[in-house]
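Please walk me through this model, beginning with the overall fold of a chain and ending at the nucleic acid. Where does the protein meet the DNA, and through which atoms?

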Number of protein chains: 2
Amino acid sequence: MNLPPSAEKRSDAFMRILEAAAGVFSEAGFAGARMDEIAARAGVNKATIYYHIGDKETLYAEVIRSVIGNTAETIAREIQNIQDPEEKLMIYIRTFARNIDVNPQVAPIMMREVASGGKHLPEIVARDIFRIVNLLSGILKEGKKKGVFLETIPFLIHIMVIGAIITYKTSAPIRRRYDWIPPAIRNLDDKISGNIVVELEKLILKAVKK
Amino acid sequence: MNLPPSAEKRSDAFMRILEAAAGVFSEAGFAGARMDEIAARAGVNKATIYYHIGDKETLYAEVIRSVIGNTAETIAREIQNIQDPEEKLMIYIRTFARNIDVNPQVAPIMMREVASGGKHLPEIVARDIFRIVNLLSGILKEGKKKGVFLETIPFLIHIMVIGAIITYKTSAPIRRRYDWIPPAIRNLDDKISGNIVVELEKLILKAVKK
DNA sequence: AGTTAAACTAACTGGTTAGTTAATTCTATG
DNA sequence: CATAGAATTAACTAACCAGTTAGTTTAACT
């Protein structure tokens, strides 16, 4: 679980509540989540949540922040020392994919957040998300200037990458639900940061390359 | 609103309830939707919903079925008379995109359904969705045999296309939420079946072509 | 006009759930 | 050890909401 720099040292109960909340919100969404369930999973009394964090909306915002609040920072760090735009793009995709695998609650939360028009998305997290888009725009612009990439709509490329990754990741339960689903689909890897992301990188690169 | 062949002739109240429910479920999700709100929008007493359709789950299943229940049929019809795999792939993408534009409730409902692991997805609709995947697999296999497409993971291509389309479509409210969002992103078309899908077609075709 | 069934509604019910309160236990420090 | 403040809890409350009920209106048919 990622933490904002300011919140490095939080009490044990605080952390357990955040983790439990991330799990419940990721499974049930904001409206479907129950504060009692979160308290039970965290092993604390429900009132402890209100004492440490606050009401349901505040808790949700805290979860969102802790779980996707510094994705941009991670990606920026990974690509900063790379020169080649093509490799930058690959690392961009790979880093996001690894993030999704390491923190499996992120994908469902992001999907529902998009679906609800970002109703509960704290502005600071929105800024972080658009910083990710801007990183990609920079890569694509640089590649175009160097004559290796075509002119594209950066936001569409972003959506193709991020949309594919989070949709693939969350599709796992549906892919296994019925026995009539072709094995070629059923048996695909749950992890996206393995061979799947390698294939995705190839496809995206091929699409934008001159 | 698409209707199953069996349900062509339904009462006025039934139709109004379905439409209102599609709107509310699309805005709030299953857990967030309120039966009273649906009744109010439909202009009927809440009990009328239970009289005509049944409980919340039944109503939701009915909405899902009416709204995405025959997408595969539509796509199959559109591509059946085309020979060229490249054009088939383009029409596949374009038809799905048009469907999403014509029925704007579909994208949020699909996203939340994927996010929740298809918890409320009726099996018959799941079959329809995987029929869409199979249609694409067929196109890609044919193209490979004819030597115009590369070897790919069809499900990943499906996810790239469908994931991109529904994520793009639902991203509209977030893209407009803050005034610091770059105009290049803010001012993108809400409609996906215009120039956006044309660009998406180009990118996907370029990615899979030999 | 009278009868019957279908369609519809106002008002209610009971279970659920976010949030609160008042009291108790733990912990650190002089 | 004593005490103050922080952390935690059991039990409660008020609002909410899915689903029901008992009764009324509408429409079709004889």
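**From fold to DNA contacts**

In chain A, 67% of the contacts with a separation of 6 or more are accounted for by residues 24 or more positions apart. This figure, like every other value here, is computed from a predicted model, and it may be read alongside the secondary structure, in which chain A has 12 helices and 0 strands. Followed along the sequence, the pattern of chain A is accordingly α-α-α-α-α-α-α-α-α-α-α-α.

The overall dimensions come next. The C-alpha trace of chain A spans about 60 × 50 × 25 Å along its principal axes. Because a compact globule with 210 residues would have a radius of gyration near 17 Å, the 19 Å of chain A is in agreement with that expectation. Of the 210 residues in this chain, 58% count as buried.

What lies in the interior can be approached through the largest nonpolar core, which has 159 residues and in which A:Leu59, A:Tyr92, B:Leu59 and B:Tyr92 touch the most other members. B:Tyr92 may serve as an example: leaving aside its neighbours within four places in sequence, this residue is in contact with B:Ile75, B:Ile79, B:Ile132, B:Leu135, B:Leu136, B:Ile139, B:His158, B:Val161 and B:Ile162.

We turn now to the DNA, taking one strand at a time. Around DNA strand C there are 15 residues, of which A:Arg34, A:Lys46, B:Asn45, B:Tyr51 and B:His52 are the closest. Helix H3 (46-52) of chain A and helix H3 (46-52) of chain B each supply at least two residues of the surface near this strand, and the largest share, 4 residues, comes from H3(B). Sorted by class, the surface near DNA strand C has 8 nonpolar, 3 polar and 4 charged residues.

Which parts of DNA strand C face the protein? Of the atoms of this strand within 4 Å of the protein, 61% belong to sugar or phosphate, while the rest belong to bases. Individual atom pairs illustrate both kinds of approach. On the base side, a polar side-chain atom of A:Lys46 lies 2.8 Å from a base oxygen of DNA strand C. On the phosphate side, a backbone N or O atom of A:Lys56 lies 2.9 Å from a phosphate oxygen of DNA strand C, and a backbone N or O atom of B:Asn45 is placed 2.8 Å from a phosphate oxygen of that strand.

DNA strand D can be described in the same order. There are 15 residues around DNA strand D, and those that come nearest are A:Asn45, A:Tyr51, A:His52, B:Arg34 and B:Lys46. H3 of chain A and H3 of chain B each supply at least two residues of the surface near DNA strand D, with the largest share, 4 residues, coming from H3(A). By class, this surface has 8 nonpolar, 3 polar and 4 charged residues.

Of the atoms of DNA strand D within 4 Å of the protein, 61% belong to sugar or phosphate and the remainder to bases. Contacts with phosphate oxygens involve side chains as well as backbone here: an N or O atom in the side chain of B:Arg34 is 2.8 Å from a phosphate oxygen of DNA strand D, and a polar side-chain atom of A:Thr48 lies 3.2 Å from a phosphate oxygen of the strand, whereas for B:Met35 a backbone N or O atom lies 3.1 Å from a phosphate oxygen of DNA strand D.

Key. Residues numbered from 1 in each chain as written. Chains lettered and ligands numbered in written order. Predicted model: local features only at pLDDT ≥ 70, side-chain atom pairs only at ≥ 80, totals over all residues. Heavy atoms only, no water. Core = buried A, V, L, I, M, F, W, Y, C linked by side-chain atoms within 4.5 Å. Buried < 20%, exposed > 50% of the residue type's maximum accessible area, 1.4 Å probe, protein only. Contact = heavy atoms within 4.5 Å. Near = heavy atom within 4 Å. Polar contact = N/O pair within 3.5 Å; in protein donor to acceptor, adjacent residues only side chain to side chain. Nonpolar A, V, L, I, M, F, W, Y, C, P; charged D, E, K, R; others polar. Rg over C-alpha atoms; globule rule 2.2 N^0.38 Å.
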